[in-house]
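Open your viewer, switch to a cartoon view, and keep the selection box handy. We will walk from stop to stop, picking a few residues each time.

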Amino acid sequence: MTFIFKKVLPTLIALGFLYLMNNPLTFGSVALPSIGKLFNPFTGFWANGEKLNINPNIELDFPEIGANTELYMDDRMVPHIFAQSANDAYFVQGFIHAKMRLWQMDISTRAASGRLSEVLGPKTLEIDKYNRRNGLTFAAENAINSWKKDKESFQYLESYAAGVNAYIATLTPKDIPLEFKLLGYEPELWTPLKSALMAKSMCNTLCREEHDVANTNLLNFLGKADFDLLYPEKNPKQSPVIPAGSQIISNPVPTKSIDTKPSVENLLSYKNPFKPDPFAGSNNWAVGPMKTQNKKAILCNDPHLNLTLPSIWFENQITVPKEGINVYGISLPGVPAVIIGFNENIDWGITNGEQDFVDLYRMKWVDDKKVAYMLDGTIQPVKWRIEQIKVKSQDDVIDSVKYTHWGPIVFEDKNHPAQDLAMRWIAHDGIDNTSELKAFSLLNKAKNYADYASALQFYTVPMQNFVFAAKNGDIALQTQGLLPLKQDQQGRFVQDGSLSTNGWQGFIPKSQNPQVYNPSRGFVASANQNSTDDKYPYYYNGYFDDYRGRYLVRSLTKLQDVTVDSMKKLQNDTHSLLAEETIDIFQKTLAKTSLTAVQKQWLDKLSAWDKNFDAKKVEPIFCEWWYNNFYASVWDELNSLVNDYDVLLPEDWVTLALVEKDPSNKYFDIKSTPDRESAPQLIVRALDKAIFSMDSLTKLNPTIDWANFKKSNIPHLARIPAFSTNFLNNGGVTEALNSVKKANGPSWRMIVEMGDKPKGYGVYPGGQSGNPGSIHYDDMVSTWEQGKYNELFFAVNASEAKQKSSQTYIFSHK
């Protein structure tokens with residue numbers, strides 16, 4: 001026995017310890033890497049701490065490089081690439097993207113392709129299933145097949161992938177990014193398909209939304225009269241992207257008449273479990289010389305997306321003198337070229353168009369086996385796509401997807417097969433003679449309006465508002481991409497999938513897409529509002545903002561002698577037009593209502609308030625509570641459906657219009673009470689609730705303000721708190737131009753004044769490095785949070801870049 005305790009037991013403990021140190025551990029659905037590997041002092045996470053003393057000169061040899069290429073890293077870790085060919089430039093861009101953001105690139109493409117569970121375990125299985133049913137890999141494959149037909153731009157993709165892989169080949173175990181070590185896996189080689197997945201992932205964010213099921217449910221629940229009252233498609237107060245009367249289309253393409261009524265008369269049970277953020281938005285505008293102080297065009301852009309660390313964007317400059325390229329701006333790690341930026345002659349920016357590009361079709365199955373369906377009176381078999389999902393520490397999961405004439409089956413109801421739905425989504429299309437990469441690579445070297453317009457002919461999806469300004473003073477805005485040709489109301493409801501005539505009737509000619517060039521008002525502007533007024537001859541539906549666009553147009557109309565500083569102020573403007581109109585309408589509605597002293601005190605306080613949602617103010621908290629309490633009480637009839645069905649509540653502007661025009665409307669009556677309420681009563685009740693809530697809150701926290709109430713933050717992509725920015729001390733609200741929400745907001749702010757040499761200013765909430773151990777991981781967050789900007793160093797030539805370089809890379813042919 002003594003022998004066992006002295007010899008065997010210590011040996012068993014030692015062996016057990018060695019096992020724990022060298023094997024991954026699983027606790028429920030959470031899998032951890034081996035502790036020994038993670039804490040290894042030579043190759044573990046210690047090795048990812050970035051050294052302050054960097055090697056100032058690095059020489060690298062690669063057989064893929066055609067001629068010597070220089071990369072000069074400035075003090076903000078922005079690379080300035082100088083190459084002899086575009087292929088060499090994109091090789092180096094791929095290399096530096098991988099060096100700075102490899103794990104981000106890997107996890108983003110895993111998410112898009114439904115492969116998160118391979119490295120994160122079963123907790124992400126439903127997300128993987130959802131993305132595979134959406135057909136993101138299918139969409140990427142179709143894009144690749146289309147892009148291959150343009151040999152030049154596809155070669156750019158291959159050069160970029162080669163650069164990524166060249167960096168991966170240099171990695172030793174100690175160099176692997178920290179998140180790979182924490183999650184216990186290694187990077188894969190990059191391919192053009194992964195770049196296509198990055199593009200389709202952006203489509204998933206920007207144009208996957210649909211209201212077909214919600215509208216169908218609401219129409220069936222409310223009846224046509226009430227549906228039309230509560231869900232009109234256009235706000236009569238809207239300021240469209242394209243000013244009224246500035247685009248005349250004399251020969252529109254006719255559409256065929258089809259039945260656009262919903263194909264079902266009952267409530268549909270389908271609810272999308274991963275609906276995209278309905279509040280994702282962006283702003284862009286350009287002001288012409290007639291309104292600027294320096295008589296030079298100024299362009300501004302701030303795309304609003306989910307805020308993450310590492311950041312979505314990466315700053316870089318790419319210069320290829322022989323091919324007329326010298327461009328500065330932001331790129332998307334995983335994709336070559338500059339997406340938003342400027343060169344010596346032009347600048348451009350983008351916002352989401354917000355049109356509807358998803359239509360759902362009810363399937364008519366041949367029998368209960370659901371492997372064949374009816375289409376135009378004929379039997380059509382489904383096409384199977386076998387989806388084998390690898391799950392960390394578990395057996396593989398098979399979740400094969402059925403594809404139809406329309407696209408993948410995204411919903412099957414075991415009890416009600418007549419509710420099964422197929423999805424037609426523009427992101428699945430592979431369109432010949434189009435390539436987003438070709439469009440951006442041409443924009444990167446465009447010299448004038450004609451070049452800009454020509455480049456956009458190759459752009460397809462997602463539809464974007466491309467703002468433009470030029471050195472010569474031209475300004476323009478085009479809503480470009482493929483816009484389906486549809487009859488009025490087509491695609492607004494779930495349609496009959498047994499008739500091919502219910503499909504899109506082609507696409508609107510790109511020359512007739514919404515666009516404006518040098519308008520007489522002296523500026524162009526978009527903030528996700530409706531693209532056009534009622535005179536535009538084509539029907540489109542979508543999810544348009546009703547406040548930021550109107551406020552932006554109002555502000556730019558008033559401004560004269562515009563400067564870069566006034567544009568900085570406008571980009572950071574926290575004024576809420578919704579709050580302005582709400583308080584005005586509420587106070588007018590209560591004009592004849594007897595109020596208490598406390599109620600009057602708060603109304604006076606709100607009247608004096610400038611309606612800016614600034615960080616240190618308390619009025620925004622009260623305003624939000626007052627309006628939200630009122631809104632919830634108005635739509636009690638519809639709130640009862642929200643938990644069980646996909647429905648949308650009426651928009652804010654519709655709610656306020658009802659208060660203003662019909663304060664005794666039946667929808668102001670609370671069904672659960674015996675009284676017949678009207679709008680003034682609900683407004684007062686909501687006011688009392690806001691007063692009570694505010695009193696309770698200030699007792700708990702006397703120094704509460706909007707920033708601490710809102711609690712905006714920037715989470716790490718893997719939701720690791722230590723790698724996140726857990727509190728942002730800033731203002732902003734959904735309806736303001738500075739639309740900062742919980743973890744969504746301006747992902748990049750850019751202002752460029754054109755001239756003999758462009759002057760650019762920009763910032764994003766993060767840092768150039770994706771390494772949490774780097775000082776450049778989040779070094780721009782504070783600048784962004786305070787509404788400040790970095791001056792963007794646009795090097796005219798390599799000598800100028802070299803003078804400001806903190807580190808130089810020389811890429812040579814091996």
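Before the first stop, keep in mind that this is a predicted model.

**Stop 1: a lone acid in a loop**

Select Asp669. You will find Asp669 in the loop that runs between helix H20 (652-661) and helix H21 (679-700). Does this buried residue have a salt bridge, or is it without one? Asp669 has no salt bridge although it is buried, and the nearest side chain of opposite charge, that of Lys671, is 4.4 Å away. A salt bridge needs a nitrogen-to-oxygen distance within 4 Å, so that pair does not qualify. Now show the neighbours. Leaving aside residues up to four places away in sequence, Asp669 touches Asp636, Glu637, Asp675, Arg676 and Glu677.

**Stop 2: a tryptophan with many neighbours**

Next, select Trp313, in the loop between strand S7 (298-306) and strand S8 (314-320). Why is Trp313 called buried? Its relative accessible area is 4%, and buried means under 20%. Add Leu332 to your selection: this residue is 19 residues from Trp313 along the chain, yet their C-alpha atoms are separated by 5.3 Å. Leu332 is also one of the residues that Trp313 touches, and others among them are Arg101, Met202, Ile339, Trp748 and Tyr764.

**Stop 3: a covered strand**

Colour strand S4 (residues 69-73). How many of its residues are buried? The count is 5 of 5, so to speak a mostly covered strand. Look at the side chains: Thr69, Leu71 and Met73 point one way, while Glu70 and Tyr72 point the other way.

Now bring in the partners of S4. Strand S30 (residues 807-813) runs antiparallel to S4 and is joined to it by 5 bridges. Strand S5 (residues 79-82) is antiparallel to S4 too, with 4 bridges between them. Click on Glu70 to see both partners: Ile810 stands opposite Glu70 in S30, and Phe82 is the bridge partner of Glu70 in S5. S4 and S5 form a hairpin with 5 residues between them, and in the turn Met77 has a positive phi of about 65°.

**Stop 4: a four-strand sheet**

Move on to an open sheet of 4 strands, ordered S19-S20-S12-S23, with mixed pairing. Which strands sit at the edges? They are S19 and strand S23 (495-496), each of which pairs on one side only. S19 pairs with strand S20 (residues 421-425) in the antiparallel sense, over 2 bridges. To see one pair of partners, pick Phe411 and its bridge partner in S20, Leu421.

While you are here, select Thr404, which lies in the loop between strand S18 (401-403) and strand S19 (409-411). Thr404 counts as buried because its relative accessibility is 12%. Its contacts, not counting residues up to four places away in sequence, are Met363, Tyr373, Ile409 and Ala422.

**Stop 5: two helices side by side**

Select helix H12 (residues 436-444) together with helix H13 (residues 449-456). These helices pack at an angle of about 170°, and their axes are 8 Å apart. That angle makes H12 roughly antiparallel to H13. To see the contact, show Ala439, Leu442 and Leu443 of H12 along with Tyr452, Ala455 and Leu456 of H13.

**Stop 6: salt bridges**

The structure holds 36 salt bridges, and we will visit a few.

- Select Arg132 and Glu387, whose side chains meet in a salt bridge (3.0 Å, N to O). This pair links distant parts of the chain, 255 residues apart: Arg132 is in helix H5 (residues 125-134), and Glu387 is in the loop between strand S15 (383-385) and strand S16 (388-389). Both Arg132 and Glu387 are buried.
- Select Glu412 and Lys370, which form a salt bridge with their closest N and O atoms 3.3 Å apart. Glu412 lies in the loop between S19 and S20, and Lys370 in the loop between strand S12 (358-362) and strand S13 (372-375). Glu412 counts as partly exposed at 36% relative accessibility, whereas Lys370 is buried at 10%.
- Finish with the network in which salt bridges sharing partners join Asp106, Arg110, Arg115, Glu118, Glu188 and Lys194. Within it, the side chains of Asp106 and Arg110 meet in a salt bridge (2.9 Å, N to O). Both residues lie in helix H3 (residues 86-113), 4 residues apart, about one turn of the helix.

Note on methods
Residues are numbered from 1 along each chain as its sequence is written. This is a predicted model: local features need pLDDT of at least 70, side-chain atom pairs count only at pLDDT 80 or more; totals for chains, interfaces and linings use all residues. Side-chain values use heavy atoms; hydrogens and water are left out. Buried means under 20% relative accessible area, exposed over 50%, partly exposed in between (1.4 Å probe, protein chains only). Lys and Arg count as positive and Asp and Glu as negative; His and the chain ends are not counted. Contact means heavy atoms within 4.5 Å. Two strands pair if DSSP finds at least two bridges between them. Axes are lines fitted to C-alpha atoms, for helices over the stretch in contact, and angles run from 0 to 180 degrees between N-to-C directions. Angles under 35 degrees count as roughly parallel, over 145 as roughly antiparallel, 65 to 115 as roughly perpendicular and the rest as oblique.
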